[in-house]
Amino acid sequence: MQHRVLFDFEITFSNGGGLRGWDFRLDIPGAYIDEDALARHVVEDLRLLMVGQVRVENVRIIQEAHKRAAGAAA
């Protein structure tokens, strides 16, 4: 079984505005990811620009099959 991270996030943009998500899931390569790496991962995965601050909360690692095919993000 593969690992995914389930979490809530709030992103503020340096040019104004923001974005929130809850119970958001991302594929991760192993059974652990620290909050700083998770913040970078969500910004990269969503291809966001002009990001000011990222806050993640309620981080839970779950085991389930990855939903995205390998290389789909490229």
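The exchange below concerns a predicted model and asks on what grounds its strands and its helix are described as they are.

Me: What makes strands S1 and S2 a pair?

Reply: Two strands pair if at least two bridges are found between them, and nine bridges join S1 (residues 3-13) to S2 (residues 18-28), so the two meet that criterion. They run antiparallel, and one of the bridges sets Phe 7 against Phe 24 in S2. The hairpin that S1 and S2 form has four residues between the strands, and in this hairpin Gly 16 takes a positive phi near 105°.

Me: How do you know that S1 also pairs with S3?

Reply: Here 10 bridges join S1 to S3 (residues 51-63), again in an antiparallel arrangement, and because the requirement is at least two bridges, this is a pair as well. Within it, Leu 6 stands opposite Arg 60 in S3.

Me: Why is S1 called mostly covered?

Reply: A residue is buried when its relative accessible area is under 20%, and nine of the 11 residues of S1 fall in that class, so the strand is described as mostly covered.

Me: What covers the buried residues of helix H1?

Reply: The buried residues of H1 (residues 35-45) are Ala 37, Leu 38, Ala 39, Val 42 and Val 43, and what covers them includes S1, S2 and S3.

Me: What makes the approach of Asp 34 to Asp 36 at the start of H1 a polar contact?

Reply: A side-chain oxygen of Asp 34 reaches to within 3.1 Å of the backbone nitrogen of Asp 36, and because the limit for such a pair of N or O atoms is 3.5 Å, the approach qualifies. After H1 comes Arg 47, with a positive phi near 55°.

Note on methods:
Residues numbered from 1 in each chain as written. Predicted model: local features only at pLDDT ≥ 70, side-chain atom pairs only at ≥ 80, totals over all residues. Heavy atoms only, no water. Buried < 20%, exposed > 50% of the residue type's maximum accessible area, 1.4 Å probe, protein only. Contact = heavy atoms within 4.5 Å. Polar contact = N/O pair within 3.5 Å; in protein donor to acceptor, adjacent residues only side chain to side chain.
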